[in-house]
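This note is addressed to a colleague meeting the structure for the first time. Please read the points below with the sequence and the model at hand.

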Amino acid sequence: MPGERTLLFVSYSGLLGGAERLLVDVVSGLDRPTLVACPPGALAEHARAAGLQLVELRERPLELRGGARTGAAAGLALAGHAREARRLVRELDPAALVAWGMRSGIACAAALRGLRRRPQLVLHHNDLLPGPLVGAAVRAAARAADAVVAVSAASARELPPGAETIHPGVDLERFRPAPLPDGRPTALVLGALVEWKRPDLALEAAALAARELPGLRVVLAGPPPGAAGERVLAALRERAARPDLRDVVEIPGPVDARAALADAHCLLHCAEREPFGMALVEALACGRPVAAPAAHGPAEIVTPECGRLYTPGDPVAAARALVELLGDPDLRERLGACGRERAERLFDREATRARYRDLLARLSPPGERG
């Protein structure tokens, strides 16, 4: 509509994790003029490929906590991010400013202070709060926002009352059930190779499960982001080379999630503090049962009808879940069919987009003009 004010989405991160993929999914489903502001990198490339309009921001360090030096650097980075957001608001006069994630939430709340003409502020919260100082800053940003969206009830519970939970959805046409593969019983671990995802626990569970599952194959698929990821990858390769895991574990690096799920019999997830878990929803949509920790986001996704929840951080319990899912083909097939039905009912990408369109229409009606 001519004269319609823009919706401005701001991301501090230029990486392409689950939160950033969700950003592109949501913006691609809007029917209003929209700009995405983010640093150069994989997110910007993915957004351009989806046909989105971009504004480039400066790339800044991702750390929000650590020692005194890290804390000071994080504060300066957030202040710089806030200045960029304030400049964009003044130049573009958007109808709504959607701060994507904790860092942008803190920065955008600061950016709008004192402005005579300010957009509606939406804080989209993708995470679990990492600590008291950052938590206090995020809660303050949430109180300053006109609307707060959390990806799970677990994330919403950490924020002031009033946060709306909108579960991310999956493209149900792209992620469809495929016949279970022949050959070795295969568990897929899907996600970035970072410490908090606990790929080390996946290997310990695999070593235990292999005692009861002859021919077990466990695939750890995902990128090792940055220097920290490379250190994690080296440790995983060293562990996988030991006798009890030799010929059990494969670490192929980044993969196409849909193809990897088609080649697996179940998904194993090990992160103890997972705010949501997009890989779990993709697995359910593909008709693959899931073994995951009974905490936070995964506990909202997985039920006994479509997988097994185990005690977080317990490799014995994770191995037991793997043995149950991989040792009984009839159970696997039944749980997979129920998982697909659950994905269709609760985790459809189109439903996620519709809820976001409704939220933004309530805050800044589409007919509003500058």
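1. In what order do the 6 strands of the open sheet lie, and is their pairing parallel or antiparallel? The model is a predicted one. Its open sheet of 6 strands follows the order E10-E9-E8-E11-E12-E13, and the pairing is parallel. At the edges lie strand E10 (249-253) and strand E13 (307-310), each of which pairs on one side only. From one strand to the next, the twist averages 25°.

2. Within this sheet, strand E11 (residues 266-268) runs parallel to strand E12 (residues 290-293), and 2 bridges join them. Leu-268 stands opposite Ala-291 in E12. Helix H10 packs on the sheet, where H10 touches strand E8 (186-190), E11 and E12. The direction of H10 makes about 160° with that of E12.

3. Two packed helices are described by the angle between their axes and the distance between the axes. For helix H10 (residues 278-285) and helix H13 (residues 329-346), the axes come within 7 Å and cross at roughly 115°. H10 is therefore roughly perpendicular to H13. On the H10 side, the contact is made by Val-281, Leu-284 and Ala-285. H13 contributes Gly-336, Gly-339, Arg-340, Arg-342 and Ala-343. Sorted by class, the residues of this contact are 4 nonpolar, 2 polar and 2 charged.

4. Strand E4 (residues 96-100) deserves a separate point. How many of the 5 residues of E4 are buried? The count is 5 of 5, and the strand is mostly covered. Both faces of E4 are covered: Ala-96, Val-98 and Trp-100 are buried on one side, and Leu-97 and Ala-99 are buried on the other.

5. The pairing of E4 may be followed through one residue. Strand E1 (residues 7-11) pairs with E4 in the parallel sense over 5 bridges, and Leu-8 has Leu-97 of E4 as its bridge partner. E4 also pairs in the parallel sense with strand E5 (residues 120-125), over 5 bridges. In E5, Leu-121 is the bridge partner of Leu-97. Together with helix H4 (residues 102-111), E4 and E5 make a right-handed β-α-β unit.

6. Finally, is Arg-353 buried or exposed? This residue is found in helix H14 (residues 349-363). Arg-353 counts as buried because its relative accessibility is 11%, where buried means under 20%. Leaving aside residues up to four places away in sequence, Arg-353 touches Asp-25, Ser-28 and Gly-29.

Methods
Residues numbered from 1 in each chain as written. Predicted model: local features only at pLDDT ≥ 70, side-chain atom pairs only at ≥ 80, totals over all residues. Heavy atoms only, no water. Axes fitted to C-alpha atoms, helices over the stretch in contact; angles between N-to-C directions. Helix = DSSP H or I, 4+ residues; strand = E, 2+ residues; numbered from the N terminus. Parallel < 35°, antiparallel > 145°, perpendicular 65-115°, else oblique. Contact = heavy atoms within 4.5 Å. Nonpolar A, V, L, I, M, F, W, Y, C, P; charged D, E, K, R; others polar. Buried < 20%, exposed > 50% of the residue type's maximum accessible area, 1.4 Å probe, protein only. Pairing = 2+ DSSP bridges. Right-handed = clockwise from strand over helix to strand, strands pointing away.
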